[in-house]
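Biologist: Could you take a close look at the interior of this protein for me? I would like to know what is packed there, and how the residues around it fit in.

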Amino acid sequence: MYNSDEKRKLLKARLSQKRYNHSVNVAEECRKLAEKYGEDPDRAYFAGLLHDVCKELPAEEQKQMVVDSGFSVCREELETHSLWHAIAGASYIKSEYGIEDIDIINAVRFHTVGRAGMTRLEEIVYLGDLISADRAYKDVDKMRKSAYASLDAAMLEALAFSIKSVIKKGGVLPPCTVEGYNFYTRLYKSEKQR
């Protein structure tokens, strides 16, 4: 059902070698996380593979795809170039690849910003992108360990990391990111109280 071989060929022609390698690394990480957390490994691999399909398109093309996507897009996302590829990518895989699986579409759509109540597949792609083998930021090993210890705790840690990074750069925070942080904070606290 998920033709990853075909999509790898399309991505290889569409992306730089570095971005293609990153996409394959994310897909591999998503497969491992799916196996750990009881999600379909092939589906997770497929979603991870496609997450950056529009990352290297020209900025104006990405923005136009966002505007035309039909997705609910907040002002903060429209103001932040680095977020456009996720929305454009979700729209692209739906219209050009005929992907109808809403979990895969949302996994691509929200892999940069997160949100409250993400499905397990969305969480896996969000974290897979953050901890893939090619990532080398400070504390990435800690984040990797967290991702394999508890999905909820890792999501909270990952969203906090993302929020701090945006604030440090003087960027704006989409409401869905803040809502996601609050959601996972409450979830994590309630789990610790059990």
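**Inside the fold**

Modeller: Happy to! Let me start from the outside: the protein has an accessible surface of about 9800 Å², and carbon and sulfur atoms hold 50% of that area. Please keep in mind that this is a predicted model. Buried residues make up 49% of the 194 residues, so there is an interior to talk about, given that buried means under 20% relative accessible area.

The fold around that interior is built from 11 helices and zero strands. With a radius of gyration of 16 Å, close to the 16 Å of the globule rule for 194 residues, the protein is as compact as a globular protein of that length. Its C-alpha trace spans about 50 × 35 × 30 Å along the principal axes. Of the contacts with a separation of 6 or more, 61% join residues 24 or more positions apart. As for charge, there are 30 positive and 30 negative charges, and their mean positions lie 6 Å apart.

Now to the part you asked about. The largest nonpolar core holds 51 residues, and Ile 93 and Leu 127 have the most contacts inside it. Which helices build it? At least two residues each come from H2 (17-37), H3 (41-50), H6 (81-95), H7 (102-109), H8 (120-131), H9 (140-149), H10 (151-168) and H11 (175-193). H2 gives the most, with eight residues. Of the two residues with the most contacts, Ile 93 falls within H6 and Leu 127 within H8.

What does Ile 93 touch? Leaving out residues up to four places away in sequence, its partners are Leu 50, Val 53, Gly 98, Ile 99, Ile 104, Ile 105 and Val 108. By the helix ranges, Leu 50 belongs to H3, while Ile 104, Ile 105 and Val 108 belong to H7.

Leu 50 also leads us to a charged residue. Lys 7 sits in helix H1 (residues 4-14), and is it buried or exposed? Lys 7 is buried, because its relative accessibility is 7% and the cut-off is 20%. Beyond residues up to four places away in sequence, Lys 7 touches Phe 46, Leu 49, Leu 50 and Tyr 97. The C-alpha atoms of Lys 7 and Phe 46 are 8.3 Å apart, with their positions 39 residues apart along the chain. Leu 50 is thus a partner of Lys 7 and also of Ile 93.

Next, helix H10, where both Asp 152 and Ser 162 are found. Asp 152 counts as buried, at 15% relative accessibility. Apart from neighbours within four places in sequence, Asp 152 is in contact with Glu 123, Tyr 184, Leu 187 and Glu 191. The ranges put Glu 123 in H8, and Tyr 184, Leu 187 and Glu 191 in H11. Ser 162 is buried too, with a relative accessible area of 19%, which is under the 20% limit. It touches Thr 112 and Tyr 126, not counting residues up to four places away in sequence; Tyr 126 lies in the span of H8.

The stretch around H8 and H9 brings us back towards the surface. Arg 144, in helix H9, is partly exposed, with a relative accessibility of 22%. Its partners outside the four places on either side in sequence are Ile 131, Ser 132, Ala 133 and Arg 135. Arg 144 and Ser 132 are 12 residues apart in sequence, and their C-alpha atoms are 8.5 Å apart. Asp 139 is in the loop between H8 and H9. What marks its backbone? Asp 139 has a positive phi of about 70°, although it is not a glycine. At 45% relative accessibility, Asp 139 counts as partly exposed.

To pull it together: a core of 51 residues draws on helices including H2, H6 and H8. Beside the nonpolar residues, the buried set also takes in Lys 7, Asp 152 and Ser 162, while Arg 144 and Asp 139 are partly exposed.

Technical notes:
Residues are numbered from 1 along each chain as its sequence is written. This is a predicted model: local features need pLDDT of at least 70, side-chain atom pairs count only at pLDDT 80 or more; totals for chains, interfaces and linings use all residues. Side-chain values use heavy atoms; hydrogens and water are left out. Helices (H or I, at least four residues) and strands (E, at least two) are DSSP runs, numbered from the N terminus. The radius of gyration is taken over C-alpha atoms; the globule rule is 2.2 Å times the number of residues to the power 0.38. Buried means under 20% relative accessible area, exposed over 50%, partly exposed in between (1.4 Å probe, protein chains only). Contact means heavy atoms within 4.5 Å. Accessible areas come from the Shrake-Rupley method with a 1.4 Å probe; for residues, only the protein chains shown count as cover. Lys and Arg count as positive and Asp and Glu as negative; His and the chain ends are not counted. The place of a charge is taken as NZ of Lys, CZ of Arg, CG of Asp or CD of Glu. A nonpolar core is a set of buried Ala, Val, Leu, Ile, Met, Phe, Trp, Tyr and Cys residues joined through side-chain atoms within 4.5 Å.
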